[in-house]
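Q: I would like a close look at one part of this model: its charged side chains. Please cover how they pair, where they gather, and what the backbone does around them.

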Amino acid sequence: MSTDILVHLNTQQKEAVFYRQGSSIILAGAGSGKTRVLVAKVINLIKNHRANPKSILMITFTNKAASEMKARIGLSYSLGYVGTFHSFCARVLRIDGQFSGLKKNFLIYDEEDQIALIKSVLKKTQLNKKYTPSYFLNRISSAKNQLIGPEKYLEVFSDHASADTATVYQGYQKELKENNALDFDDLINMTIKLFTKNKQILDKYQEKYRHILVDEFQDTNYVQYLLTKLLGEKYKNITVVGDFSQSIYSWRGAEIKNLEKFKKDFPKTKVFYLEKNYRSSQTILDFAYQVISKNQTHPILSLYTDKKGGEEVTFYEAVTEEDEGIYIANSINDLKKKYRLDEMAVLYRINAQSRAIEEVFLHFGIHYVLIGGTRFYERKEIKDILSYLRLLINPVDRLSKERIIKLGKSRWEKFKKYYEENKESVVNKNTDKMIEEIFQVTDYLKMYDPEQEEDYSCLENIKELKSVAIAFPSLGEFLEQVALVESEYFEGEKNSNNKNGVRLMTLHQAKGLEFPIVFVVGVEDGILPHSRSIDDIYSLEEERRLFYVGITRAKERLYITYTRQRFIFGQRNYSVKSRFLEE
């Protein structure tokens, strides 16, 4: 990239780019050009201050972001390293891991390998099968993110499952060692261990990387922060960039307190604010500020733009979720005269909300693409339940039978017994009642732990399937409705260029993206904010940040929808407009 980038910076950006008297924090608002600033800072160091490109380390959160940084910096400069925390640590351990007792040819296990390893440990330990391998994996990962090893586990955790987790954790680490393997969490933890136990090695990397830049700092967890601190504490030429109004990953271990820690550990830190927005209209930015300014636990930026005018934010109170879907579909049909479908996005808080929207879009013939998700009736948990129900009507359905057997032989045997006892009464029972009975007989729901975010989302999808079951009490009609929706999926796939469709995704998946037209739907108490977050100030503030992320994806038009009544999770309830709209 040409050094012209240094000329085309606004005043706030220039201040952040040209500062080089030690550590700095760049608080970069949504759409304020933070990538441009990071790239400009690197080019300024090399061109104007003769920094050796090899002495610059850039840490990003995704491989995609790392590739974008490399592309923007261009081929002229080959930096010391540009990549994620995990890829950087893997490189360090390949070179110097032997000083921590690692063999150079160690393997890195992905999630599938980790699950297989935990299954092997569970077999050996013969623990109660109450918990799934994913449950233990999440708990072990959470401990590793706080630098807690198996030997210290019971000193820190004392809940009902901690003893079992400690046993599995111990066995899991033993198996990893025997397989000469590390998981992703180990990559960072082993690097920290290497640096803290061997000052010579730490000194080598501090000398090698005298200039450190960390992107998306608001998403760092305890160990990522610790690694950043170790690398930067000698020369203090460290810049962290983030927007704490977009900190939405506490469930992954991200710590919003890392901002205060950084200021304490690097006391001469200079803070810069990037508040000029290049994405949205001022009306959208004003609404975003009105929402986020109610938070009290992190810095709030007041964004502004040079763009003139801008449409007012549109609010729509629907009677029901179906009315909400029809309103969105009608709005899209009007907007597509001016915008492409892929320039529009529908954002929702929970995956289960997509079902009602998908069905309306299929009915209206609106092509859509689910980003980072699976169509409702193709989700694993939904296909499992549909397989049980299909076997009640058609016991020779081989595909459904094979699917159920894979869920465990004991579940299959219990289901067979249930079928024999109920096969004559299937036609007279309501679909939702049969789903409940299957859950009771097979213990299917015990496969999911409501404490884990991913499992909780699966349980929400299952409850949403019950909404369909209540609408179609006859099992035959229910399965027919599902088949019709599935066939519309197939027709939609055949008749459309898959890329040209309205984008459907959760608010979490929308982070980092932008669209001319954005619909944020289901903005009701209990959904946004989520019912699990209402009683805790930190959780409630994170929900408000999540709404803020959704709002700031919009460039030109923003639609906010909510309902008076919503049939969700198998129940029709009166809705309450989100407190975020009433404050």
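A: The account below goes through the salt bridges, then the charged patches, then some backbone details.

The model is predicted, and side-chain atom pairs are counted only at pLDDT 80 or more. Across the structure there are 43 salt bridges. Three pairs and one network are taken up here.

The pair of Asp 384 and Lys 380 forms a salt bridge in which the closest N and O atoms are 2.6 Å apart. Both residues belong to helix H16 (residues 380–393), and because they are four residues apart there, about one helical turn separates them. The two partners can be described by their accessibility. Asp 384 has 1% relative accessibility and so counts as buried. Lys 380, at 41% relative accessibility, counts as partly exposed. The cut-off behind these words is under 20% relative accessible area for buried and over 50% for exposed, with partly exposed in between.

A second pair has a similar description within its helix. Glu 402 and Arg 398 are four residues apart in helix H17 (residues 398–405), about one turn of the helix. Their side chains meet in a salt bridge, 3.0 Å from N to O. Glu 402 is partly exposed, with a relative accessible area of 37%, while Arg 398 is exposed at 55%.

The third pair is Lys 555 and Glu 514, a salt bridge with its closest N and O atoms 3.5 Å apart. This pair links distant parts of the chain, the two residues being 41 residues apart. Lys 555 is in strand S14 (residues 554–563), and Glu 514 is in the loop between helix H22 (507–510) and strand S13 (515–520). Lys 555 counts as partly exposed at 25% relative accessibility, and Glu 514 counts as partly exposed at 39%.

Beyond such pairs, salt bridges that share partners join five residues into one network: Lys 34, Asp 215, Glu 216, Asp 219 and Lys 511. Two members of the network can be followed further. Lys 34 is among the residues covered by the annotation "binding site" in the unreviewed UniProt entry, together with Ala 28, Gly 29, Ala 30, Gly 31, Ser 32, Gly 33 and Thr 35. Within that annotated stretch, Ala 30 sits in the loop between strand S1 (24–28) and helix H2 (34–49). Ala 30 has a relative accessible area of 3%, so it is buried.

The other member to follow is Glu 216, found in the loop between strand S6 (211–214) and helix H11 (222–232). Although Glu 216 is not a glycine, its phi is positive, at about 50 degrees. Most residues other than glycine have a negative phi. Lys 236 is another non-glycine residue with a positive phi, of about 60 degrees. Lys 236 lies in the loop between H11 and strand S7 (238–242), and at 36% relative accessibility Lys 236 counts as partly exposed.

Next come the charges that gather in patches. Residues enter a patch only if they have over 30% relative accessible area and no salt bridge. The negative patch on the surface consists of Asp 110, Glu 111, Glu 112, Asp 113 and Glu 454. Helix H5 (residues 111–125) supplies the largest share of this patch, three residues. Glu 111 lies in helix H5 and is exposed, with a relative accessible area of 52%.

Lys 54, Lys 70, Arg 91 and Lys 208 make up a patch of positive charge on the surface. Of these, Lys 70 belongs to helix H3 (residues 63–73). At 48% relative accessibility, Lys 70 counts as partly exposed.

Two further backbone details concern loops. The peptide bond from Leu 528 to Pro 529 is cis, with omega near 10 degrees, whereas most peptide bonds are trans. Pro 529 is in the loop between S13 and helix H23 (537–551). Gly 365 is in the loop between helix H15 (354–364) and strand S11 (368–370), and counts as partly exposed at 48% relative accessibility. The C-alpha atoms of Gly 365 and Leu 389 are separated by 28 Å, the two residues being 24 residues apart along the chain.

Methods:
Residues numbered from 1 in each chain as written. Predicted model: local features only at pLDDT ≥ 70, side-chain atom pairs only at ≥ 80, totals over all residues. Heavy atoms only, no water. Patch = residues over 30% accessible without salt bridge, like charges linked within 9 Å, V, L, I, M, F, W, Y side chains within 5 Å. Areas by Shrake-Rupley, 256 points an atom, 1.4 Å probe, with all protein chains shown as cover. Salt bridge = Lys/Arg side-chain N within 4 Å of Asp/Glu carboxyl O. Lys, Arg positive; Asp, Glu negative; His and termini not counted. Charge placed at Lys NZ, Arg CZ, Asp CG, Glu CD. Buried < 20%, exposed > 50% of the residue type's maximum accessible area, 1.4 Å probe, protein only. UniProt positions renumbered as here; feature names shortened; annotations may be inferred.
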